[in-house]
Amino acid sequence: MGKVYVFDHPLIQHKLTMIRDKETGTKEFRELTDEVATLMAFEITRDLPLEEVTVQTPVCDAKAKVLAGKKLGIVPILRAGIGMVDGVLKLIPAAKVGHVGLYRDPETLQPVEYYVKLPTDVEERDFIVVDPMLATGGSAVEAINSLKKRGAKNIKFMCLIAAPEGVEAIKEAHPDVDIYIAALDEKLNEKGYIVPGLGDAGDRLFGTK
């Protein structure tokens, strides 16, 4: 069963408050999103496997730990997820990056896949799906479906802010996926926006309306 991790680190919470502030402009919003993604990546990689090697220090030989070479992939949900990729890559620069694009069908209101580009060795990689917001959960569930249809076995989902409804949607559809969030907010409003949230993450990242 997948677990839900809510990060309470003071630096994450401080920067997240600045991200929420409607007076925070596009440049600062991008920088803060990038920084929080890096801080979250530090926690989400806590269970990466290690192996022992011998290195020569200026004093003597020493047994030490290095990453065991587990293949990782980062998959942003277009378009807002792009704002979190560089922050994760700062800590795991060898990770490959895929992309999943979804749009909402105007009649059914369900997410529809329009673009998927993943590393060729999907089955060998652990994937981190990133998106700043987890609202209804529709896009996240469909993005994870897209990865699984192409052979992905181990998937984590990471976002800045989540609504309880979105968390439950992932848990129900993908009980094997761990969810990592910086803040679990109160609810969704009648328009499907997270309350108190931060508005539209894509518009704030890219300066659109």
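Two residues are taken to be in contact when heavy atoms of one lie within 4.5 Å of heavy atoms of the other. The model is a predicted one, and this definition can be applied straight away to Leu 134, which is found in strand S9. Leaving aside neighbours within four places in sequence, Leu 134 is in contact with Ala 140, Phe 157, Cys 159, Ile 161, Ala 162, Ala 163, Gly 166, Val 167, Ile 170, Ile 179 and Ile 194. Its relative accessible area is 1%, and because buried means under 20%, Leu 134 counts as buried.

Pro 132 is found in the loop between S8 and strand S9 (133-134). With a relative accessibility of 2%, Pro 132 also counts as buried, and, residues up to four places away in sequence not being counted, Pro 132 touches Ala 80, Gly 81, Met 84, Cys 159, Leu 160, Ile 161, Ala 201 and Leu 205. Cys 159 thus appears among the contacts of Pro 132 and among those of Leu 134, and Cys 159 is itself buried, at a relative accessible area of 0%. Cys 60, by contrast, is partly exposed at 43%, and the structure holds zero disulfides.

Both Pro 132 and Leu 134 belong to the set that an unreviewed UniProt entry lists under "binding site", which consists of Arg 79, Arg 104, Asp 131, Pro 132, Met 133, Leu 134, Ala 135, Thr 136, Gly 137, Gly 138, Ser 139 and Asp 200. From this set, the lining of the largest pocket takes in residues including Arg 79, Arg 104, Asp 131, Pro 132, Leu 134 and Asp 200.

Helix H4 covers residues 138-149, and its buried residues are Ala 140, Val 141, Glu 142, Ala 143, Ile 144, Ser 146 and Leu 147; of these, Ala 140 has already been met as a contact of Leu 134. The 12 residues of H4 should span 16 Å at 1.5 Å a residue, and the end C-alpha atoms are 16 Å apart, which agrees. Just after H4, Gly 151 takes a positive phi of about 105 degrees.

Helix H2 (residues 26-44) has 19 residues and reaches 26 Å from its first C-alpha to its last, close to the 27 Å expected at 1.5 Å a residue. Its buried residues include Phe 29, Leu 32, Val 36, Met 40 and Ile 44, together with Asp 34. The buried residues of H2 pack against helix H1 (10-20), helix H3 (82-89), strand S8 (126-130), strand S10 (154-162), strand S11 (178-184) and helix H6 (201-206).

Notes
Residues are numbered from 1 along each chain as its sequence is written. This is a predicted model: local features need pLDDT of at least 70, side-chain atom pairs count only at pLDDT 80 or more; totals for chains, interfaces and linings use all residues. Side-chain values use heavy atoms; hydrogens and water are left out. Helices (H or I, at least four residues) and strands (E, at least two) are DSSP runs, numbered from the N terminus. The expected span of a helix is 1.5 Å times one less than its number of residues. Buried means under 20% relative accessible area, exposed over 50%, partly exposed in between (1.4 Å probe, protein chains only). UniProt positions are given in the numbering used here, feature names are shortened, and annotations may be inferred rather than shown by experiment. On a 1 Å grid over the protein atoms alone, a cavity is a set of points where a 1.4 Å probe fits but cannot get out, and a pocket is an open set with protein on both sides within 12 Å along at least five of seven lines; lining residues have an atom within 4 Å of a point. A disulfide is a pair of cysteine sulfur atoms within 2.5 Å.
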